Structures are given as C-alpha cells and as structure tokens.
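Trainee: Could you walk me through reading a model like this one, feature by feature?

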Amino acid sequence: MAYSQHRPDYPLAAIRWALEPVVRAGRHPVRILDLGAGTGKLTAQLAGLSMDGGRPHVTAVEPDPQMLGELPSGLPEVAAAAGRAEAIPLPDASVDAVFAGQAAHWFDLDRAMPEIARVLTSGGVFASLWNTDDDRVGWVAGLHRVSGRRNVVAFTSYRAEEEDEISAWLTGPGRDLFQPPEGAGFEHGHTRTAESLIETMRTHSMFLIMEPAEREAALGAVAGYLAATPVTASGEFTFPLWTLTQRTERR
C-alpha cells in the first residue's frame, strides 16, 4: 500500500518522552495500544522498543479493514483488532499507554477520551504524535508555495488545533479523568528522492480529492521545483520534519 510505503515514521526520542511517566512507575513489561494504527508505522516502532523488563506488549486497533489487513504480515508478534477510539475492543485497565500517531483528529473526543481512560491503568499515558513539515527550511517553504499545500500541517502555520481540542476536553468542567497535558517537539527527517517525495504527496488528502488533471498539473509543478532546487535535484535527501508530541496521564 502506498500509504505504508511512503509515509514517515516517528522519532524514537518522541516515543520515549511520551512513555517517561510509565517507565518511572516501573511497569514491566509495558502494555501499549496503538489506536488508529493504520498499516503499522508507529506500531512497528513501539513493538521494537528496547526497555527495562523486555520489549513491550503491543496491541494495534484500526477501523479500516484494508489497513488492518497489512498489520499481521509485517508484525506477527502484535495483536491486531478492528475497532475505533470510540469503542476500543479491550478490557478495562488493560494497557499502560495509548498512542495515536497522526490519528487523533479523527476521534470524537466526547466518546473517545472516556474510552481511552477506561482501557488505561491508573497513571497510564495517552500520547498523540504529529509529524509536521519543517517549513522554517527555505526550500520546504518554497515547496509549499509551489504545490499550494496550504492545508498541510507545517511548523510555521501550525496552530495545534488537534492538541488544543484535546487540551480543552481534558481541562473542561467536571472532567477529571486525566492530568493536565504536556507537550514537546522533536526534530525528525524522512529520506526521500524527488520521485518518492511526489509519491508521498500523492497519499495526502489534498491531492487525493483533486480531479486527475488538476492533481497531475500540481505534481508536475512540484517535479519542476524539485529538479531546479540543488538539495533535491538528484539522489536522496532528508525531508525536514518537526514532530509535535503531547502526553497526559490517567488519574
């Protein structure tokens, strides 16, 4: 699947930062749920973590049957189940951490947050991770202008809508399921060529919803820009990302 092949993973430092409260509590082995797991980009990183007490026990929950179908072949050690954030198919207090990689904006928070709290142990962590294009880098900003990617999450235009929504829910009147959230940012990068970057862009929603002729015209402009930019003109390069991470502890 193109989504699995071309989307970036997440910085290990961000994952470990999100898990710090659980590690301090001495949970062994750590039980982690990847919620909205997609094809398993983040799931694979979680399953491969080296931690005191051994590797974590990881469960992946994903509503899309096609994406869920890709998980077992690549990650046979991970338990995969169909489900949604609003109806998690796990018992009460069964995991120490819940992760959502690039997925929390799909959640109905009024239903999802109580469900996340239900499956978490006391002191467990809910963490959301977001890869954003680091358009503080000049050629990345230029790429955004050429492609018209105004609705793509980028560092300078990021307004933390999803995190603000989660924070507002967590701190709303009468809601005492979680501690106040904390946030952190981490440098990251995605190894690409001009051709593979264009294929990555094809998986973004703004291009998926375009008419074919409009999409090919936009991507043609991108190809011309990348060919004329020294950093991206030939061979592999690192596409700069900034990963925003939020964590909150279950009371």
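Trainee: Let's start with one side chain: what is the relative accessible area of Arg202?

Mentor: Arg202 comes out at 27%, so we call Arg202 partly exposed, the class between buried (under 20% relative accessible area) and exposed (over 50%), using a 1.4 Å probe and protein chains only. Before we go on: this is a predicted model, where local features need pLDDT of at least 70, side-chain atom pairs count only at pLDDT 80 or more, and totals for chains, interfaces and linings use all residues. Residues are numbered from 1 along each chain as its sequence is written, and side-chain values use heavy atoms, leaving out hydrogens and water.

Trainee: Which residue forms a salt bridge with Arg202?

Mentor: Side chains of opposite charge can pair when their charged atoms come close. The rule here asks for a side-chain nitrogen of Lys or Arg within 4 Å of a carboxyl oxygen of Asp or Glu. For Arg202 the partner is Glu199, with the closest N and O atoms 3.3 Å apart. Both sit in helix H8, three residues apart, or about one turn of the helix. Glu199 is partly exposed because its relative accessibility is 32%.

Trainee: Which residues are linked with those two in a network of salt bridges?

Mentor: Arg215 and Glu216 join Glu199 and Arg202 in that network. The side chains of Arg215 and Glu216 meet at 3.9 Å, N to O. Arg215 has 17% relative accessibility, so Arg215 counts as buried, while Glu216, at 38%, is partly exposed.

Trainee: How many salt bridges does the rule count?

Mentor: Twelve. Have a look at Asp96 and Arg27 too, with their closest N and O atoms 2.8 Å apart. That pair links distant parts of the chain, 69 residues apart: Asp96 is in strand S4, and Arg27 is in the loop between helix H2 (12–24) and strand S1 (31–35). Both residues are buried.

Trainee: And the sheet: what order do the seven strands have?

Mentor: With strands as DSSP E runs of at least two residues, and helices as H or I runs of at least four, pairing takes at least two DSSP bridges. The open sheet reads S3-S2-S1-S4-S5-S7-S6, with mixed pairing. Strand S3 (79–82) and strand S6 (182–192) are the edges, each pairing on one side only. Further in, S4 (residues 95–101) and S5 (residues 120–133) run parallel, joined by six bridges. One example is Ala97, whose bridge partner in S5 is Val125.
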